[in-house]
Amino acid sequence: MFENLSDRLTRVVKTITGEARITEANTQEMLREVRLALLEADVALPVVKDFISQVKERALGEEVLNSLTPGQALVGIVNEQLTKLMGEKTEDINLAAQPPVVILMAGLQGAGKTTTTGKLAKYLKDTLKKKVMTVSADVYRPAAIEQLKTVSGQAGAEFFPSNIDQKPVDIALAALNHAKRQFFDVLIVDTAGRLGIDEAMMNEIKALHAAVNPTETLFVIDAMLGQDAANTAKAFNDALPLTGVVLTKMDGDSRGGAALSVRQITGKPIKFMGVGEKLSGFERFHPERVAGRILG
Ligand code: GDP
């Protein structure tokens, strides 16, 4: 993950910290290199543009020129802006509602929704000591329902059975009813995903959202997605009032475009990241740590 980007930015950083003087010319040269590195990492174009213009404004300001070590000041700015791009601070899952708190999972097929549902159930149960129930509203793939049953078992969460003859909204409402009666703290609703964005799928998840009124609507996105990440994120964000993002497959060797674009495109905090196929491969998202990893 981020290997190329990290290599390239580390090289830029070395060059600039070695400069005796920071001038408009060598700042422009640095910005050009940073821009190319971000584009090569598949960061969405509008995100790259904003990033460069923000770094530029600060780089040519007093803060750098008056610094005793202008090269390092400049690198500090790149680091801060990278952190800001991914959200500045670590954001908690919001459970501040009358239980059962509903969490709705959204995203394309293969993004890692079902795996993440299991991971989140485990996190809520083990770390936050919550009583958690899961349910699958994916009536198109019986295997998806079975998969959720398996991961819920691994997580030690209660699984509410559903089947492909039912309607997604009916399934979710029945689960919610059950969760209420049994005093569950949290109900996680896993949903169907398609290979691409389509209207029927968006209408279905909008109806689910309206029916269960979730406290968190988490958009699950595969960090391996390249330029498509921007379009996918935008489509989900336009259709649903998302409250957060989960970046999956951060353990892979992707270039990192989705990770760097999704916060700005949706305006929603990245709350967790998936770092492995197992349920233990799940972490809260710390923007400053990820930025630190990129700058090496
Ligand atoms: P869904 O269609 O969105 O429900 O996606 P799944 O949960 O079935 O995940 C699709 C594939 O991605 C599966 O093979 C998962 O094991 C894998 N996967 C999910 N999250 C991660 C992750 O964080 N890291 C890795 N390496 N694989 C993951």
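The charged end of Arg194 sits over the ring of Tyr140, 4.6 Å from the ring centre. A second such contact involves Lys131, which lies over the face of Phe184 at 4.5 Å from the ring centre. The model is predicted. Its ligand has 17 residues around it, and a search of the whole structure finds four aromatic pairs.

**Ligand shell**

- Gly110, Lys113, Thr115, Asp251 and Glu277 are the closest of the 17 residues that surround the ligand.
- By class, the shell divides into eight polar, six charged and three nonpolar residues.
- Helix H6, residues 113-126, supplies the largest share of the shell, with four residues.

**Polar contacts to the ligand**

- Thr115 places a polar side-chain atom 2.6 Å from an oxygen atom of the ligand.
- Asp251 does so with a nitrogen atom of the ligand: a polar side-chain atom lies 2.8 Å away.
- Val275 takes part through its backbone, where an N or O atom lies 3.5 Å from a ligand oxygen atom.
- On its own, the ligand has 580 Å² of accessible area, and the protein covers 80% of that.

**Aromatic pairs**

- Two values describe a pair of aromatic rings: the distance of the centres and the angle of the planes.
- The whole structure holds four aromatic pairs.
- In the pair of Tyr123 and Phe272, the ring centres are 5.2 Å apart and the planes stand at 70 degrees; edge-to-face requires over 60 degrees, so this pair is edge-to-face.
- This pair links distant parts of the chain, with Tyr123 in helix H6 and Phe272 in strand E7 (residues 270-274), 149 residues apart.
- Ring pairs also bring in Phe282, giving a cluster of Tyr123, Phe272 and Phe282.
- Tyr123 has 16% relative accessibility, under the 20% cut-off, so Tyr123 counts as buried.
- Phe272 has 0% relative accessibility, so Phe272 counts as buried too.

**Strand E7 and Lys271**

- Lys271 lies in strand E7.
- Lys271 is charged by residue class, yet its relative accessible area is 5%, so Lys271 is buried.
- Between the C-alpha atoms of Lys271 and Thr117 the separation is 14 Å, and the two residues are 154 apart along the chain.

Technical notes:
Residues numbered from 1 in each chain as written. Heavy atoms only, no water. Near = heavy atom within 4 Å. Polar contact = N/O pair within 3.5 Å; in protein donor to acceptor, adjacent residues only side chain to side chain. Areas by Shrake-Rupley, 256 points an atom, 1.4 Å probe, with all protein chains shown as cover. Helix = DSSP H or I, 4+ residues; strand = E, 2+ residues; numbered from the N terminus. Phe/Tyr/Trp six-rings, centres within 6.5 Å; stacked < 30°, edge-to-face > 60°. Buried < 20%, exposed > 50% of the residue type's maximum accessible area, 1.4 Å probe, protein only. Lys NZ or Arg CZ within 6 Å of the ring centre and 35° of its normal.
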